[in-house]
Amino acid sequence: MLKSELRKKILKVRKKFNTKNIQINFKQIVKILKKEKITNQIIIGGYYPVNFEIDDLTLLRKFKKNKFNISLPIIKKNFQMDFYSWSFSEPLKINKYGIPEPEAKNIVYPDVLLIPLVAFDKNLNRLGYGGGYYDRLIEKLSKKKNIIKIGLAFSIQEIDKVPTNMYDQKLDYIVTNKNIIK
């Protein structure tokens, strides 16, 4: 099946499924950070959930409460994006895709990325929306530092095999409402 057909199919399934505000267990993410020997002196890169994505805002609130630095992405030209430090007391503005973004004040390079996805497989492959924003970002950040890439999804978004190409970046973990894949 083509990536575009797969996307449409999974997005419909996700929309139907995400009516109960199902959350990711914060302790699952903390377990990963402990395994990776991560302290709270790091920057967590989150996202503002849209289009029935799994909501990471509760996770980001807990990270902030535990003295982690949090950040959100700003989409740039040429399918690029950068992360900027943000806190819940700061305003967001809506970009051309209808996604809330922080002010472009303090660019940061997250140590841990929480990544939304459309579909995934057991081999830690991710199917996104098709723009390649996260693939480009991961490639760029990986040249600067070691980053931990955690995909967040509902278990129903798992498929047998995500079609991949040479530009697709694998994740380190995928955390669903039911389990952790590593």
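In this predicted model, I75 has M81 as its bridge partner in β3. That pairing belongs to a set of five bridges joining β2 to β3 (residues 81–85), with the two strands running antiparallel. The two strands make a hairpin with five residues between them. In the turn sits N78, whose phi is positive, at about 55°.

β2 also has a partner in β1 (residues 43–45), and here the sense is parallel, over three bridges. Within this pair, I43 stands opposite N69 of β2. To get from β1 to β2, the chain passes through helix α3 (residues 57–65), and the resulting β-α-β crossover is right-handed. As for cover, β2 is mostly tucked away, with five of its seven residues buried.

Zooming out, these strands are part of an open sheet of eight, in the order β6-β3-β2-β1-β7-β10-β11-β12, and the pairing is mixed. The edges are taken by β6 (107–108) and β12 (180–181), each of which pairs on one side only. As a general point, strands of a sheet pair through backbone hydrogen bonds, either parallel or antiparallel.

Further along the sheet, β7 (residues 112–116) pairs with β10 in the parallel sense, and five bridges hold the register. P116 stands opposite L152 of β10 in this pair. On to the next neighbour: β10 is joined to β11 by four bridges, and these two strands run parallel as well. One of the matched pairs here is A153 with T176, the latter in β11. The step from β11 to β12 switches to antiparallel, with two bridges, and V175 stands opposite I180 in β12. These two strands form a hairpin with three residues between them.

The side chains of β11 are worth a look. Y173 and V175 point one way from the strand, while I174 and T176 point the other way. All four residues, Y173, I174, V175 and T176, are buried. In a regular strand, side chains alternate between the two faces of the sheet.

Between β10 (148–153) and β11 (173–176) lies a loop, and Q169 is found in it. Q169 counts as partly exposed because its relative accessible area is 23%, which falls between the 20% and 50% cut-offs. Leaving out residues up to four places away in sequence, Q169 touches D135, I138 and E139. K37, by contrast, is 132 residues from Q169 in sequence and 23 Å from Q169 in space, C-alpha to C-alpha.

Another partly exposed position is V30, in helix α2 (residues 26–35), with a relative accessible area of 22%. Only 26 residues of sequence separate V30 from S4, yet their C-alpha atoms are 34 Å apart.

Lastly, the largest pocket holds about 570 Å³ of space. Its lining is made up of 29 residues, and those nearest the centre are R126, Y129, G131, Y133 and Y134. Several elements each supply at least two lining residues, namely α1 (3–17), β2 (69–75), β5 (100–101), β9 (126–127) and α4 (133–144). By class, the lining has 16 nonpolar, six polar and seven charged residues.

Technical notes: Residues numbered from 1 in each chain as written. Predicted model: local features only at pLDDT ≥ 70, side-chain atom pairs only at ≥ 80, totals over all residues. Heavy atoms only, no water. Buried < 20%, exposed > 50% of the residue type's maximum accessible area, 1.4 Å probe, protein only. Contact = heavy atoms within 4.5 Å. 1 Å grid on protein atoms, 1.4 Å probe; cavity = no way out; pocket = protein on both sides within 12 Å on 5 of 7 lines; lining within 4 Å. Points joined across faces, edges and corners; volume = space filled by probe spheres on them. Nonpolar A, V, L, I, M, F, W, Y, C, P; charged D, E, K, R; others polar. Pairing = 2+ DSSP bridges. Right-handed = clockwise from strand over helix to strand, strands pointing away.
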